[in-house]
Amino acid sequence: MGTFDKSIRLLIAIILVVLYFTNVISGTLGIIALIIAGVFILTSLLSFCPLYTILGFNTCEKK
């Protein structure tokens, strides 16, 4: 996973968490948003996305 991809995932995760804790999104949608944010943070920290492997995507600059 490339640096740009990791940065975008972290940015989206932060936005989702802020929206949840400011009560812009709540209920079931809020819980789903937190789960998605958690997945984005985890995949960014690990630099690995299982879905990318299945679909054959590669955003890493290194070969």
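This is a short presentation on the helix packing, the nonpolar core and a few individual residues of one protein model.

Good morning, colleagues. I should state at the outset that the model is a predicted one.

I begin with the overall architecture. The protein contains three helices and zero strands, and along the sequence the pattern reads α-α-α. Of its 63 residues, 22% are buried. Turning to contacts between residues at least 6 apart in sequence, 65% of them join residues at least 24 apart.

Let us now consider the first two helices. Helix α1 covers residues 3-21 and helix α2 covers residues 27-46. Their axes come within 8 Å and cross at roughly 150°. Because an angle over 145 degrees counts as roughly antiparallel, α1 is roughly antiparallel to α2. The handedness of this crossing is left-handed.

Which residues of α1 and α2 make the contact? On the α1 side they are Lys6, Arg9, Leu10, Ile12, Ala13, Leu16, Val17 and Tyr20. On the α2 side they are Gly30, Ile31, Ala33, Leu34, Ile36, Ala37, Phe40, Ile41, Thr43 and Ser44. By character, this contact comprises 13 nonpolar, three polar and two charged residues.

From the contact I move to the core. In soluble globular proteins, nonpolar side chains tend to be buried together. In the present model, the largest nonpolar core has five residues in all, namely Ala13, Leu16, Ile25, Ala33 and Ala37. Helices α1 and α2 are the elements that give two or more residues to this core. One of the core members, Ala13, deserves a further remark. Leaving aside residues up to four places away in sequence, Ala13 touches Ala37, Phe40 and Ile41.

Next, I turn to two residues of the contact whose side chains are not nonpolar, Arg9 and Thr43. Arg9 has its place in helix α1. Is Arg9 buried or exposed? Its relative accessible area is 8%, and since the cut-off for a buried residue is under 20%, Arg9 counts as buried. Between Arg9 and Phe40 there are 5.4 Å in space, C-alpha to C-alpha, although the two are 31 residues apart in sequence.

Thr43 belongs to helix α2. With a relative accessible area of 7%, Thr43 is buried as well. What does Thr43 touch, once residues up to four places away in sequence are not counted? The list is Met1, Arg9, Phe48 and Cys49. Arg9 and Thr43 are thus partners in the contact of the two helices and touch each other directly.

Two residues outside the helices remain to be discussed. Gly2 lies in the segment before α1. The relative accessible area of Gly2 is 1%, so this glycine is buried. Gly2 and Ser47 are separated by 45 residues in sequence, yet their C-alpha atoms are 7.7 Å apart in space.

Asn23, finally, is found in the loop between α1 and α2. Its phi angle is near 60°, a positive value in a residue other than glycine. Asn23 counts as exposed, because its relative accessibility is 61% and the cut-off for exposed is over 50%.

To summarise, α1 and α2 are roughly antiparallel with a left-handed crossing, and these two helices each give two or more residues to the largest nonpolar core. Arg9, Thr43 and Gly2 are buried, whereas Asn23 in the loop is exposed. Thank you for your attention.

Definitions and conventions:
Residues are numbered from 1 along each chain as its sequence is written. This is a predicted model: local features need pLDDT of at least 70, side-chain atom pairs count only at pLDDT 80 or more; totals for chains, interfaces and linings use all residues. Side-chain values use heavy atoms; hydrogens and water are left out. Axes are lines fitted to C-alpha atoms, for helices over the stretch in contact, and angles run from 0 to 180 degrees between N-to-C directions. Helices (H or I, at least four residues) and strands (E, at least two) are DSSP runs, numbered from the N terminus. Angles under 35 degrees count as roughly parallel, over 145 as roughly antiparallel, 65 to 115 as roughly perpendicular and the rest as oblique. A crossing is left-handed if the near helix is turned anticlockwise from the far one by less than a right angle, and right-handed if clockwise. Contact means heavy atoms within 4.5 Å. A nonpolar core is a set of buried Ala, Val, Leu, Ile, Met, Phe, Trp, Tyr and Cys residues joined through side-chain atoms within 4.5 Å. Buried means under 20% relative accessible area, exposed over 50%, partly exposed in between (1.4 Å probe, protein chains only).
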